[in-house]
Every structure is written in structure tokens, then in C-alpha cells.
Amino acid sequence: MTLAGQADRFALYERAVQEPAVQVRVVEDLFRARTGRAPVDLREDFAGTALFARTFVQGDPARRAWAVDLDPAPLAWARARGVGDEPRLTLVQADVVDVGPPAVPPVDVVVALNYSFFLLTERARLRAYLARAREGLRPGGALVLEVAGGPELQERGEEATDHGDFTFVWDQQAYDPIHSRARCAIHFSFPDGSALRDAFTYEWRVWSIVELRELLAEAGFAASVVLWEGPGDDGEGDRTFVPCERAPAEEAWIAYVVGWRAP
Ligand SMILES: C[S@@+](CC[C@H](N)C(=O)[O-])C[C@H]1O[C@@H](n2cnc3c(N)ncnc32)[C@H](O)[C@@H]1O
């Protein structure tokens, strides 16, 4: 069998795409900076295999997490690896627009990482999600949206990253500037010449930061804050994120938009 035939697309995705240690640190720091304490209970929306939630609960024995995804496949993948056996991490198959108390108790932080909410392409549906996420927070809690942007996101083409035993390919297939819609795919290729094309495909609406902040206000959040990445020595970004109200027009950027529920 080819290497592509034996490949596990969820394991490859975790290795190639996810950076849970950086994201957990961002969430801990932003929550502590505003509240003076560490977050204890957290919900990961659009969780996939729940890698972020797993990393979060590993950070402190007092922590609990709920990982929510609509698709049973990544949840089954995680369950088969023992995720959810431990009572501090609960896997929930549900639509994020509907999920929340009482099925999932109120938490300190809700996260939607890797621009997953770009999958909510209609304004009314994104606003409904934000309002429901707010209801899922304790007073003073935070909704953390990881967002990407910049003109590079509108360009067609593939970008390959070598991971040794496989190559990760990010494929931007189409962008429609009228509706701010993008079609993207992830492929994996292997040293024996085989490939897993369209391992994951996405139909996105690329929401801007200003739209997100307007929608957070409409959804009842008391305040929103933007965390922008520090430049680092080489100008490539240093994986630390600080509150900003002005930012340079970079070709491609990642930021966090945080909605705070009133205390
Ligand atoms: C790009 S993956 C995110 C995986 C991982 N959390 C990360 O940060 O990289 C997006 C996930 O969102 C899930 N999803 C899409 N729409 C959803 C919805 N309305 N409710 C819950 N999950 C949804 C998909 O099934 C998919 O697993």
C-alpha cells in the first residue's frame, strides 16, 4: 500500500497545522491580564480532535474542558485514543450555534481557533453563534477568536511545507472579493510519490476584524480587544500577542479578537 493509503489525516493535521502550546499560553495570558486569575473551565468550539482542549487540561489538574464539534469523525478519532476517558475533558457532538448551558456548563473561556468560525458564512448565523457563546460564558468570561487576514489570503496557489516524512500543502483555490468567500484545501504528499489530495476542504467567509468587533457588540459583549503579534527580531512574528488598536498592513497576519462578557 502507498504511504498515502496508510496515512491518518487527523494525525497529519495535528502535526502540520496546530500549535496548541502557543495558543494555550495566549489564552492564559490574556485571561490573567484582565481578571488576575488563571482560567479553569474552557470550551473549545470547532474542536476537531480536541488537541487544544487536551493541552489546556494537561496544564493544571484543576482544569476542565468541553470540546465541541459537529462532525463525529474527528471526535471518534480522539475517543479511540482515550480522549474523553478522563472526566476533566468531555467531547460533545453538537452545532456550536446551539451548544451551551445546560448541556455544557458556563465556562471562563470559549475558544474558536484557526479561523474555524470562517465556516459560518452568513452574518446572522455568525451573530447567533457569538450570542450563544456569550451565554456559555460566566460573567467576566472571554470568547477568543483566532483570525487570519492580509492580501496573501486572496491569492491563488499552493504553499508546501516539508515535515520530513510528509509534505503539507496549503492550497488557496479561489477567492471572491464581492462576498469575501475563499475556497481552500489541505493536501498531504509523501516520499513514495503518493498523495492525499483534499484531505480537508474549506468554504470560508473571510471576516475582517472590524466586522467581528461590530458583531461581538451586537451579540451583547461588553468589550472587545484585538491582540496583534509582536514583530520579533526578524520581523516574521514572535508568537506573542499584545493588545493593539493600530497595526501595520502586513501581507499575511494572524491575530486574536477577544470578546469580554460583562463581569
Ligand atoms: C479547521 S477544523 C478545526 C480543527 C482544530 N480545532 C484547529 O484549531 O485546527 C474545523 C472543525 O469545525 C467543525 N465544524 C464546522 N462547522 C461546525 C459547527 N457549526 N459546529 C461545530 N463544529 C463545526 C468541523 O467539523 C471541523 O472539525
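1. Strand 1, which covers residues 41-45, pairs with strand 2 in the parallel sense, and the pairing runs over four bridges. In this arrangement E44 stands opposite A67 of strand 2. Strand 2 itself spans residues 64-69 and is mostly covered, since five of its six residues are buried. Please keep in mind while reading that this is a predicted model, and that every value given here is computed from it.

2. The last residue number of strand 2, 69, leads on to the ligand, because D69 is among the closest of the 18 residues that surround the ligand, together with Y13, F46, V96 and N114. An N or O atom in the side chain of D69 is 2.7 Å from an oxygen atom of the ligand. Two further contacts involve nitrogen on the ligand side: a polar side-chain atom of D95 lies 3.0 Å from a nitrogen atom of the ligand, and a polar backbone atom of A47 is 3.3 Å from a nitrogen atom of the ligand. Taken alone the ligand exposes 600 Å², and the protein buries 87% of that area.

3. What classes of residue make up the shell around the ligand? Nine of the shell residues are nonpolar, four are polar and five are charged. A student may like to find the five residues named as closest, Y13, F46, D69, V96 and N114, in the structure above, and then look at the contacts made by A47 and D95.

4. The loop between strand 1 and helix 4 deserves a careful look, as A50 lies in this loop. Phi of A50 is near 65°, a positive value in a residue other than glycine. As background, most residues other than glycine have a negative phi, and most peptide bonds are trans. Is A50 buried or exposed? A50 counts as buried because its relative accessibility is 0%, and the cut-off for buried is under 20%.

5. Helix 4, at residues 51-58, is mostly covered, with six of its eight residues buried. The buried residues of helix 4 are L51, F52, A53, R54, F56 and V57, and a reader can see that R54 is listed among them.

6. A second positive phi is found at S180, where the angle is near 55° in a residue other than glycine. S180 sits in the loop between strand 7, residues 167-176, and strand 8, residues 181-189. With a relative accessibility of 17%, S180 counts as buried, because the value is under 20%.

7. Strand 8 goes on to pair with strand 9, residues 195-205, in the antiparallel sense over eight bridges, and in this pairing R181 stands opposite R205 of strand 9. The two strands form a hairpin with five residues between them, and G193 in the turn has a positive phi of about 90°.

8. The peptide bond from P101 to P102 should also be checked, for it is cis, with omega near 5°. P102 is found in the loop between strand 3, residues 89-93, and strand 4, residues 107-112.

9. Helix 2, residues 9-17, contains A16. At 19% relative accessibility A16 counts as buried, because buried means under 20%. The C-alpha atoms of A16 and D162 are separated by 9.3 Å, although the two residues are 146 residues apart along the chain.

10. The loop between strand 11, residues 241-243, and strand 12, residues 253-260, holds A249, and R246 has its place in that loop as well. A249 counts as exposed because its relative accessibility is 83%, which is over 50%, and R246 is exposed with a relative accessible area of 74%. From C-alpha to C-alpha, A249 and P105 are 40 Å apart in space and 144 residues apart in sequence, while R246 and D69 are 34 Å apart in space and 177 residues apart in sequence.

11. How many disulfides does the structure hold? The structure holds zero disulfides. For orientation, a disulfide is a covalent bond between the sulfur atoms of two cysteines. Two cysteines can be described by their accessibility: C184 counts as buried because its relative accessibility is 1%, under the 20% cut-off, whereas C244, with a relative accessible area of 25%, is partly exposed because this value lies between the cut-offs of 20% and 50%.

Notes. Residues numbered from 1 in each chain as written. Predicted model: local features only at pLDDT ≥ 70, side-chain atom pairs only at ≥ 80, totals over all residues. Heavy atoms only, no water. Near = heavy atom within 4 Å. Polar contact = N/O pair within 3.5 Å; in protein donor to acceptor, adjacent residues only side chain to side chain. Areas by Shrake-Rupley, 256 points an atom, 1.4 Å probe, with all protein chains shown as cover. Nonpolar A, V, L, I, M, F, W, Y, C, P; charged D, E, K, R; others polar. Disulfide = S-S within 2.5 Å. Buried < 20%, exposed > 50% of the residue type's maximum accessible area, 1.4 Å probe, protein only. Pairing = 2+ DSSP bridges.
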